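Work through the following exercises with the sequence and the coordinates open beside you. Each task is followed by a solution that goes step by step.

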Amino acid sequence: MNFDAADTIYIALAFYVLGTLTVLISLIGKSMRLQHAALVIMIAGFGVHTMWIGTICARTGHPPITNLPETAAFLSWTIFAVELALWIRYRVYAAAFFVYPLVLLLLVVTAVVGEPFAGLPPELRSTLFTSHILLTILGVAGLMIGLAFTVLANAQDQALRSKQRGRLWEWIPSLNVCKVLSYRSLAIGFSVYTIGLITGVMWSYRTNAGPMDLRVKQIGAVVAWMFFAALLQTYINGGYRGRRTILISAGAFVAIIISILGIARV
Amino acid sequence: MALILIGLNHRTAPVQVRERLNVPEPKLPEVVRSLHEIDGVDGAALVSTCNRVEAIVSSRTEDVITKVVDWLAVQGGSDRESLENHLYILRHVDVVKHLCRVASGLDSMIIGEPQIGGQVRSAFQAAQDLGALDGLLQQVYSQTMRVAKRVRTDTAIGEHAVSIPYAAVELAKKIFGDLKGLQVLLLGAGEMGELTAEHLHKQSVKQVFVANRSYNRAVELAERFHGSAVQFDSIEENLATCDIVIASTSAPHYVIEPDQVQRALEARRNRNLFLIDLSVPRNINPDVAGIEGAYLYNVDDLQHVADANLELRQHKARDAEQIVVREVEDFRRRLVAQDAVPTIVELQQRLEVIRAAELEKCLRKLGPITAEQRSAIDLLTTQMVNKILHYPILELRDGAEEPQERESLRKTIRKIFGLAK
């Protein structure tokens, strides 16, 4: 049986499955050691995942951004990279319970749809197009991390208010840290995402002689942008707590996922 | 080599017995020296805290036990018989296990308390500085501190506050993270409030403001925390600037109302406010708890936090006990293997000498043989010797639990194989 470098994605997926299961078991067993083990497994998966991305770049001459499986894999990689950077800086353990399953979910999309290594048609080979995809993905990664910390901030607020420790009590950092991290991630993610969308519109205008098509991907992206704008506005007004924030966050998450799944092919 | 621990603690002896034996830190070197000078004692250390006094000695025989008990009786100025009722005597691996539990806080009055680890370290360090630790006690010392560190790192047993003031500090950290740069307002001069403010002050908060009906008393208290006294009527202004408010007055009514907190939070641009009501009757209207951004805890809430933490520590103590058991077993195996090494080496040398001599005799009788034949005979005899030695070596390494048993086994094997005693 011939092993192709492209198959390393399945090895990364296996690591992510194992890492996600381990982190969920650590939540049930409240075991810090298992949390650490999960992190190590996920980092191993991330390493293999990085190799896979490097392989795509080497073979096609551009980042993996041409279709749904590639974009999902690249987004998954970026989200974990941001999570890892935040873990190194703040040692936030609880975010793993949200981020690892999300990283896994996105890579499952890649594995199930399974048509990576698409060549980019020559007419799409432009700096504007590459910038659009990269900025959008980076923005979405920041926004996803922001959503995870919004959920954590709300969980912490609820625990402090009800005076009942939830299962996450020991894993979540201070309310202040959750608030600051969610706000920063949302603010940076939103700015980058907005620039990504604008470059997308510009690129679409240039290639289609019109602002953009209105397909699931585009509608989802704009709806998600509106949800995130509302969420950021809530933060700026100081009201990150409560049902309204959670509903907006859920709406933003669903819209983003629909938008990602709408990427059939550029 | 015998390892022995003789001591008493808060469970076996009342305070009037413990206080007589307690050794203040400046006197510790002198007392350890006198313990080390007891005839037959090779290594000595003494752990003395308000809850325990324990003498740890290593010796060639267990005969020193009587002498150490006599020594303790002299130190405590009591007769041997009455002291013996409170003493426990531990031997060998039980000593290591006990010390690991003590240093990890598992044997403390408040499970997981962090100070005891430092006290055990100081006790052994003092003995080491005097040259009173022999090789065995050196190993026990490093093993004890290693296990204590692992227990604290792996289980975080000491991280949860079990008193009301510490519970308040812990909650403040859960809200604000780092407490540096925060401002604290202390209302009233209640004892619990003072204690809580003191703990917060130790966390390097930026400033402590004190408000009291008697301004002079407020000034006095503020000086203690290097803070500032404020007029009791200006509470609302301070609510807007302070992040943590401790109410501990004797007022029979509420001194902080929801509308004051609401206005303060607006002025604070929605930065959180932590309110701690330690007064009975309560000083902060409980409706404040419903305001977004305000976190109100009264004395019962804090007690519940402390109780829950105690329960958590007990739960973590079970994990810690397992760590101790595993680590002590590993240590025991290392010690036994270490003890057995000289005999094993001698045994191997002895049999190798016999094998080489017999092989030489045999080769002389056989006459000329090929190199392959010689090599085959050599291999055969080597394998026979190894197989003969296999079980004696295994027994020497793992065969006996107790040191006396091990010593007896070692002597028997030496006798059987004709090794020097």
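The exercises below treat the interface, the backbone and the cysteines.

This is a predicted model, in which local features need pLDDT of at least 70 and side-chain atom pairs count only at pLDDT 80 or more, while totals for chains, interfaces and linings use all residues. Residues are numbered from 1 along each chain as its sequence is written, chains are lettered from A and ligands numbered from 1 in the order in which they are written, and side-chain values use heavy atoms, with hydrogens and water left out.

**Exercise 1. Describe the interface between chain B and chain A.**

Step 1: Taking contact as heavy atoms within 4.5 Å, 27 residues of chain B touch 20 residues of chain A.

Step 2: The buried area, which is the accessible area (1.4 Å probe) that two parts lose on being put together, summed over both, is about 1,800 Å², and carbon and sulfur atoms give 42% of that area. On the side of chain B, the residues that lose the most area to chain A are B:Lys174, B:Glu292 and B:Tyr295, together 34% of what that side buries.

Step 3: With a salt bridge defined as a side-chain nitrogen of Lys or Arg within 4 Å of a carboxyl oxygen of Asp or Glu, the count between chain B and chain A is two. A salt bridge joins B:Asp301 to A:Lys163, with the closest N and O atoms 3.1 Å apart.

**Exercise 2. Locate A:Lys163 and B:His226 and describe their backbone and exposure.**

Step 1: A:Lys163 is not a glycine, yet has a positive phi of about 60 degrees; B:His226, also not a glycine, has a positive phi of about 50 degrees.

Step 2: Helices (H or I, at least four residues) and strands (E, at least two) are DSSP runs, numbered from the N terminus. A:Lys163 is in the loop between helix H5 (127-162) and helix H6 (175-208) of chain A, whereas B:His226 lies in the loop between helix H10 (215-224) and strand S7 (228-230) of chain B.

Step 3: Buried means under 20% relative accessible area, exposed over 50%, and partly exposed in between (1.4 Å probe, protein chains only). A:Lys163 counts as partly exposed because its relative accessibility is 31%, and B:His226 counts as exposed because its value is 67%.

**Exercise 3. Search for disulfides and classify A:Cys57 and B:Cys242.**

Step 1: With a disulfide taken as a pair of cysteine sulfur atoms within 2.5 Å, a search of the whole structure finds zero over all chains.

Step 2: A:Cys57 is partly exposed because its relative accessibility is 31%, while B:Cys242 is buried because its relative accessibility is 0%.
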